[in-house]
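Dear colleague,

Please find below the structure that I am handing over to you. My notes on what was found in it follow directly after.

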Amino acid sequence: MTANEQNVEFLTNLQTKVATLLGVPVEVIKYSQPLTISQYWPGGYYHAHLDSSFSPRSKPCCFQTECPSINGTDIDSIECCQLCRVATVLHYLEDVDEGGETAFVFADKPLSHIHKTMETEEWSNLSKNCEQAALRIKPKKGTTILWYNHFLDRRGYLSAVDQRSHHGGCDVKRGIKYIATNWVQTPFYRYRLLPSKYLKK
Ligand SMILES: O=C(O)CCC(=O)C(=O)O
Ligand SMILES: [Fe+2]
């Protein structure tokens, strides 16, 4: 097997594992953004942010609407819709000697606490506030974590973004942090009717 074939096999297996973990058809992972590798050197950080941004009053998610094609080409456009990222699956590729925790600023906190904190300055600055985060995860090689970025409505459809999913990476103090991220987005409109893997053939 060539190195390239090995890479393809590795990535295809990973897609299958991520799909199994989330209980979704593998196509959802295939049609999402490609796996992204990030590297943080000492002093590197990623302040608290949301991976998705859908609110019922903003642009619809791309599975909810068909965007007009641009210049007659048949590409999906994100001009009229947004990539709603249902879930994030984060793989730690190496241990980090010190620091570099993934921090969830508001995990499990009530909305009243979240709103009050968001009124303070620099609440999202993880270089300053890493220790205060409600949940911190130390990178461990071979470990994968996942979280959901949205609420579901009463029918089980995607609803507003969940503010408790605010997260980021604390300062790396010693060593290098390597992660790989699958941002799992809702499919584009033309793929929206993927058959559930739970349907009997
Ligand atoms: O560096 C981290 O631990 C968090 C990375 C992150 O926010 C992401 O990949 O979406
Ligand atoms: Fe993120």
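Pro-42 counts as partly exposed, because its relative accessibility is 48%; the term covers values between the limits for buried (under 20% relative accessible area) and exposed (over 50%), computed with a 1.4 Å probe on protein chains only. Pro-42 lies in the loop between strand S1 (36-40) and S2. Helices (H or I, at least four residues) and strands (E, at least two) are DSSP runs, numbered from the N terminus. The C-alpha atoms of Pro-42 and Ile-176 are separated by 6.5 Å, although the two residues are 134 residues apart along the chain.

Please note that this is a predicted model, in which local features need pLDDT of at least 70 and side-chain atom pairs count only at pLDDT 80 or more, while totals for chains, interfaces and linings use all residues. Residues are numbered from 1 along each chain as its sequence is written, chains are lettered from A and ligands numbered from 1 in the order in which they are written, and side-chain values use heavy atoms, with hydrogens and water left out.

The metal site

Which residues are the protein donors of the iron ion (ligand 2)? They are His-49 (NE2), Asp-51 (OD) and His-167 (NE2), lying 2.1 to 2.2 Å from the ion. Donors are N, O and S atoms within 2.8 Å of the metal (3.2 Å for Na, K and Ca); water is not among the atoms, so sites may look incomplete. Along the chain, the donors of the iron ion follow the spacing H-x1-D-x115-H. His-49 belongs to strand S2 (residues 46-49) and His-167 to strand S10 (residues 167-169), so the pair ties together parts that are 118 residues apart in sequence. Both histidines count as buried: His-49 has 15% relative accessibility, and His-167 has 4%.

His-49 may also be set against Val-161, a residue of strand S9 (residues 158-161). The C-alpha atoms of Val-161 and His-49 are separated by 12 Å, and the residues are 112 apart along the chain. Val-161 is buried, with a relative accessible area of 10%.

The surroundings of ligand 1

Ligand 1 is surrounded by residues that include the iron donors His-49, Asp-51 and His-167. Among the other residues around ligand 1 are Tyr-40, Thr-102, Lys-177 and Trp-183; a residue is near a molecule if one of its heavy atoms lies within 4 Å of it. Oxygen atoms of ligand 1 approach N or O atoms in three side chains: at 2.5 Å for Thr-102, at 3.0 Å for His-167 and at 3.2 Å for Asp-51. A polar contact is a pair of N or O atoms within 3.5 Å; within protein, one must be able to donate a hydrogen and the other to accept it, and residues adjacent in sequence count only if both atoms are side-chain atoms.

Taken alone, ligand 1 exposes 300 Å², and the protein buries 99% of that. Accessible areas come from the Shrake-Rupley method with a 1.4 Å probe; for residues, only the protein chains shown count as cover. The elements that give two or more residues to the shell are S2, S10 and strand S12 (177-185). S12 gives the most, with four residues.

Ala-180 is also found in strand S12. This residue is buried, with a relative accessible area of 3%. Ala-180 and Val-89 are 8.4 Å apart in space, C-alpha to C-alpha, and 91 residues apart in sequence.

Rings and charges

Two members of the shell around ligand 1 are Tyr-40 and Trp-183. Lys-177 lies over the face of Tyr-40, at 4.5 Å from the ring centre, and Arg-85 lies over the face of Trp-183, at 4.5 Å from the ring centre. A charge sits over a ring if NZ of Lys or CZ of Arg is within 6 Å of the ring centre and within 35 degrees of the ring normal.

The structure holds two aromatic pairs. In one of them, the rings of Phe-104 and Trp-147 have their centres 4.9 Å apart and their planes at 80 degrees, so the pair is edge-to-face. Rings of Phe, Tyr and Trp (its six-membered ring) pair if their centres lie within 6.5 Å; planes under 30 degrees apart count as stacked, over 60 as edge-to-face and the rest as tilted. Phe-104 is in strand S5 (residues 102-104) and Trp-147 in strand S7 (residues 144-148), 43 residues apart.

Yours sincerely
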